[in-house]
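Me: Before I rely on any label given to this structure, I would like to go through the reasoning behind each one. Could we take the questions in turn?

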Amino acid sequence: MTSNPTSAEIKTIFNNIAPMYDQLNQWISLGQHHIWKQMTVKWCEASVGDRALDLCCGSGDLTTLLAKRVAPTGEAIGIDFAPSQLAIAKEKATLNNPKLPLKWVEGDVLNLPFESNYFDCATMGYGLRNVTDIAQSLKEIQRVLKKGAKGAILDFHRPKEIYLQAFQQWYFDRVVVPMAKKFNLTEEYAYLHPSIERFPTGEEQVKMAYNAGFSKAIHYPITGGMMGVLVVEK
Ligand SMILES: C[S@@+](CC[C@H](N)C(=O)[O-])C[C@H]1O[C@@H](n2cnc3c(N)ncnc32)[C@H](O)[C@@H]1O
């Protein structure tokens, strides 16, 4: 696989890693991803009765957090193009949260199967870095949100400080890659670091968000800039 995978290759990666995805996520982030996801849901201002969208939902963590906020009268929809990820999301929801207003849609976030001005809020966790066209993805989020609605987009970032860059590199080489190797997923995880390297910076993402038509955009660096949340408002 190249360091710049196609949409089909990305789908294959996420279908392949689906059974181990949650466990790997937990270990790689030392359990911190739950906190970052809670912050993301808070930043999109989801509230009771909202129709909420979680893009690139994967195994559904953010979708479930959204559903807890919009319940009982609202609805949270998770969309992803990898059926194996969606199968796990559905299974987890049926087992752990059968009463939550959750819906799962198999589809491409670059061409959302929803009408314009449809959602009251949106989240995207570790998805924007993985789509093949970031500008198009932001345009689609802007299109489906209602006027004044907010979206919060969480992802890895390359920190500005040299020592944090060195730490991030060390972490990938010494923690992420060996762990992926243990699960026989070396190839799948080898693309994680290059994807962070080429991911637009927070400042660049803010510009892209304005170009996509959002009226406000702010990027919040977290964990020393190794992570970040782009908050957009239509
Ligand atoms: C790193 S996972 C993130 C999953 C979840 N949001 C989380 O925070 O754990 C990225 C997800 O994006 C999905 N994805 C990537 N490109 C997509 C696209 N164009 N349309 C729909 N899903 C996409 C993948 O299938 C994968 O499940």
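**Reasoning through the fold**

Reply: The protein, seen here as a predicted model, contains nine helices and seven strands.

Me: What makes the protein as compact as a globular protein of its length?

Reply: Its radius of gyration is 17 Å, and the globule rule gives 17 Å for 234 residues, so the two values are close and the protein counts as being as compact as a globular protein of that length. Along the principal axes, the C-alpha atoms fill a box of roughly 45 × 40 × 30 Å. Of the 234 residues, 37% count as buried, and among contacts between residues at least 6 apart in sequence, 71% join residues at least 24 apart.

Me: Why is strand S2 called largely enclosed by the rest of the structure?

Reply: A residue is buried if 20 or more other C-beta atoms lie within 10 Å of its own, and five of the six residues of S2 (residues 75–80) are buried, so the strand is described as largely enclosed.

Me: How do you know that S2 pairs with strand S1 (residues 51–55)?

Reply: At least two bridges are needed before two strands are said to pair; five bridges join S1 to S2, and the two run parallel, so the requirement is met. One of the bridge partners in S2 is Ile79, which is matched with Leu55. Between these strands the chain passes through helix H3 (residues 61–70), and this β-α-β crossover from S1 to S2 is right-handed.

Me: In which sense do S2 and strand S3 (residues 102–106) pair?

Reply: S2 and S3 pair in the parallel sense, over five bridges, with Leu102 in S3 as the bridge partner of Ala76. Here the chain crosses from S2 to S3 through helix H4 (residues 83–96), and this β-α-β crossover is right-handed.

Me: How do you know that the span of helix H6 agrees with its number of residues?

Reply: At 1.5 Å a residue, the 21 residues of H6 (residues 162–182) should span 30 Å, and because the end C-alpha atoms are 29 Å apart, the span agrees with that expectation. H6 nevertheless bends by about 35 degrees at Phe172, and the helix is followed by Asn184, whose phi is positive, near 65 degrees.

Me: Why is Asn25 called partly exposed?

Reply: Asn25, found in helix H1 (residues 7–28), has 19 other C-beta atoms within 10 Å; a buried residue needs 20 or more and an exposed one has 12 or fewer, so Asn25 is placed in between, as partly exposed.

Key: Residues numbered from 1 in each chain as written. Predicted model: local features only at pLDDT ≥ 70, side-chain atom pairs only at ≥ 80, totals over all residues. Helix = DSSP H or I, 4+ residues; strand = E, 2+ residues; numbered from the N terminus. Expected span 1.5 Å × (residues − 1). Bend = angle between axes of the 7 residues up to and from the residue. Right-handed = clockwise from strand over helix to strand, strands pointing away. Rg over C-alpha atoms; globule rule 2.2 N^0.38 Å. Contact = placed C-beta atoms within 7 Å.
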